[in-house]
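Student: Please take me closely through the surroundings of the bound ligands. Keep it step by step.

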Amino acid sequence: MRCLLVVLALGLAAGCSRGQSREAPDGKPSPTLRLAVVTDLKGYLEPCGCTSRPLGGIDRLAAQIRALRGSSVPLVVLMAGDLFFDTDALEPTRVDQANRNASTLLEILDRLEVDVALPGRRDRAQPREQIARLQTASEFPWLAMKKGDTEVVRIKAGGLRVAVVGARPGAERDVVMAAVGTAQAKTDLTIALVYGSRRDANRIGAIDGVDFVVHGGLDQDAPVPPHRAGDAWVLHAGRQGQGLTVIDVYRKTDEAFTDLSDWSRKERIRQLDAQITDLSGKISEWERSEVDPADLRAQSDRLAELKTQREALNGPPPSTQGNAFDAKWVELPKEAPTDEEVTRLMREHDKAVNQANREAFADLAPRALGPDDIAYVGSAACGTCHNPAYVWWQSHPHGHAYLTLQTRNKEFNLDCVGCHVTGYDQPGGSTVTHNLDGALVNVGCESCHGPGAAHTENPEIGMVADAPESTCLPCHNEEHSDQFDYDTYRKTLIVPGHGLPPAQP
Ligand code: HEC
Ligand code: HEC
Ligand code: HEC
Ligand code: HEC
């Protein structure tokens with residue numbers, strides 16, 4: 001059952017409960033409450049699949065949330081940061097696809113029974129009617145959409161009364177403080193959702209009465225373990241749905257929370273070990289040079305102190321006597337389970353986008369040739385004279401880059417097609433729908449050697465013989481080719497028949 005009440009400023013708590021069993025099979029105390037936190041989803045339904053280790057997929061996220069819901073511990077799902085869009089201003093040609101994407105994402109989030117979200121700057125930057133349509137369709141409340149708004153959402157989860165306050169960058173601290181003050185009445189746990197810099201998050205965390213801050217808008221891949229701001233703990237969960245942060249909350253008193261997480265402990269150990277190694281190295285260097293003995297002693301004392309801190313972390317983890325929490329990062333690699341129902345929605349979405357773009361861009365012809373431009377002809381035309389090279393290329397990944405998209409119903413997807421075809425958006429090249437009847441699909445010869453109409457007509461007109469790194473980088477960028485190293489990759493292209501004499505039969 002969903003149980004929510006949005007109240008502006010002064011609020012009343014709604015009464016309903018998700019059941020409250022406290023038994024854990026392994027004898028460990030069961031958490032009072034669990035938080036599932038997702039930040040900066042940015043409209044990602046799934047990773048493109050280009051990189052060596054793709055992370056994310058809303059169907060994988062769904063499987064995790066469904067599993068958490070299945071447990072006896074009451075769950076609250078919180079989202080903060082750019083949720084539906086990853087750019088402020090969409091190119092006009094991209095608007096339809098991005099809106100379809102946002103609608104599919106919303107449908108899925110509704111099914112996951114997200115409790116409350118604080119969208120980000122990029123969501124708010126979309127045209128008003130577009131974003132209003134999404135917000136109206138949403139089954140969960142969106143916080144701080146209007147300037148100056150500081151709503152409080154009250155959630156009853158298990159036996160706990162949770163208040164969630166939203167704050168956007170530059171929100172007046174006293175307005176947020178007032179909201180927190182209001183929220184705190186008859187509340188067991190106060191959570192602030194914040195969009196902005198680390199400083200913004202810390203500033204809100206320092207407000208008296210805030211227990212947790214969920215921080216969106218950080219624009220960073222790797223999630224960071226919780227860190228302290230005032231009496232509150234700031235939570236973050238990376239971006240693009242690559243994973244989620246799960247917090248087990250043990251609430252017993254009214255005091256500030258202690259962090260029991262192995263995640264934080266390991267991170268702290270890593271930092272201390274690095275500091276100790278660094279300082280030890282420096283000290284032995286100083287011992288060999290003329291450094292003031294007093295300075296040297298001070299540094300040695302500091303080293304001893306770091307070692308003591310490090311030693312303390314070897315002990316048993318702190319107990320759950322008072323208020324405490326245990327945070328973990330759940331990464332979503334390819335092997336993570338998927339939610340079938342959500343996967344089905346994603347696949348339907350891919351087909352719908354493909355079909356819509358195919359129709360919408362049916363008349364999108366390639367850019368016209370300027371006086372100095374040369375048209376593209378496609379790899380098969382090169383094959384008539386460079387047969388060994390052509391045969392090699394057909395079996396290379398470049399030679400079936402389009403099939404990679406077709407098997408996923410993504411060949412008309414504007415997020416994908418550009419790097420998996422030849423001469424995209426070039427004069428006399430290709431568009432999302434036009435590719436010389438298939439001659440320009442795949443990453444063809446002309447992607448590296450340049451457009452070849454003139455040379456094909458008359459081979460005495462030369463081609464670009466080599467392909468410098470700058471030719472590769474528009475496609476082999478950090479986001480889509482994380483292992484790319486020019487020399488290593490280029491070497492694999494120089495084979496008998498292509499760049500080397502053909503093998504003798
Ligand atoms: C138009 C975009 C584009 C350009 C330009 C491009 N590539 Fe690629 N490259 C791709 C795509 C897409 C794939 C993956 C194809 C597939 O498997 O679907 C790929 C795959 C590869 C692979 C195979 C990697 C593997 O996992 O086996 C190599 C090697 C490679 N590219 C090298 C290069 C080099 C070197 C350059 C520059 C000289 C270059 N590429 C230029 C798009 C491009
Ligand atoms: C900026 C260019 C670019 C865009 C945009 C792009 N790709 Fe790729 N893609 C590549 C490159 C480059 C590779 C090869 C990476 C490598 O091996 O280093 C690749 C590889 C892949 C692979 C792995 C192929 C294999 O068989 O191993 C898949 C799958 C893929 N892309 C799908 C997609 C999808 C789906 C989209 C759209 C959501 C997309 N790509 C958008 C450049 C791009
Ligand atoms: C991913 C980029 C890429 C693709 C795609 C590609 N080539 Fe090349 N090609 C190169 C590189 C790099 C060399 C090596 C140049 C050198 O050794 O100086 C080369 C060398 C050659 C050479 C020999 C040039 C010389 O003078 O040694 C020919 C001919 C050639 N390619 C034709 C083709 C044909 C035809 C195709 C398509 C069937 C093709 N290439 C596809 C990058 C590419
Ligand atoms: C009518 C035959 C013919 C066609 C078609 C043809 N080439 Fe060539 N190409 C040649 C000849 C001949 C040479 C020069 C001799 C050699 O080294 O092979 C050459 C040379 C090259 C070179 C070496 C660099 C240079 O200019 O000397 C590259 C690269 C190349 N061709 C790429 C291509 C590509 C890419 C296509 C398709 C767009 C293509 N060729 C189509 C005949 C052809």
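**Around the ligands**

Tutor: Start with the shell around ligand 2: eight of its residues are nonpolar, seven are polar and three are charged. (Ala, Val, Leu, Ile, Met, Phe, Trp, Tyr, Cys and Pro count as nonpolar; Asp, Glu, Lys and Arg as charged; the others, Gly among them, as polar.) This is a predicted model, where local features need pLDDT of at least 70 and side-chain atom pairs pLDDT 80 or more, while totals for chains, interfaces and linings use all residues. Residues count from 1 along each chain as its sequence is written, chains are lettered from A and ligands numbered from 1 in the order written, and side-chain values use heavy atoms, without hydrogens and water.

There are 18 residues around ligand 2, and C50, C416, C419, H420 and S481 come nearest (near means a heavy atom within 4 Å). Domain 1 (4-260 + 318-342) and domain 3 (365-500) each give at least three residues to this shell; the bounds come from an automatic or database domain assignment.

Now the polar contacts (here, pairs of N or O atoms within 3.5 Å). H420 places a polar side-chain atom 3.0 Å from a nitrogen atom of ligand 2. The side chain of S481 has an N or O atom 2.6 Å from an oxygen atom of the ligand. For Y489, a polar side-chain atom is 2.7 Å from an oxygen atom of ligand 2.

Move to ligand 4. It has 17 residues around it, with C382, C385, H386, H455 and M463 nearest. Two histidines meet nitrogen atoms of ligand 4 through their side chains: H386 at 2.8 Å and H455 at 2.7 Å. M463 instead uses a backbone N or O atom, 2.8 Å from an oxygen atom of the ligand. Helix 10 (379-383), helix 13 (445-449) and helix 14 (453-457) each give two or more residues to this shell (helices are DSSP runs of H or I, at least four residues; strands are runs of E, at least two; both are numbered from the N terminus). Helix 13 gives the largest share, three residues.

Helix 13 also leads to ligand 3. The iron atom of ligand 3 has the protein donors H449 (NE2) and H498 (NE2), at 1.9 to 2.0 Å (donors are N, O and S atoms within 2.8 Å of the metal, or 3.2 Å for Na, K and Ca). H449 sits in helix 13, and H498 lies 49 residues apart from it, in the loop between strand 14 (495-496) and strand 15 (499-500). The six donor atoms subtend angles of 88 to 179°, so the arrangement is octahedral (opposite donors over 155 degrees apart, all others between 65 and 115). H449 counts as partly exposed because its relative accessibility is 23%, whereas H498, at 19%, counts as buried (buried is under 20%, exposed over 50%, partly exposed in between, with a 1.4 Å probe and protein chains only).

Technical notes: A polar contact is a pair of N or O atoms within 3.5 Å; within protein, one must be able to donate a hydrogen and the other to accept it, and residues adjacent in sequence count only if both atoms are side-chain atoms. Four donors count as tetrahedral if all angles lie between 85 and 135 degrees; four count as square planar and six as octahedral if opposite donors are over 155 degrees apart and all others between 65 and 115; anything else is irregular.
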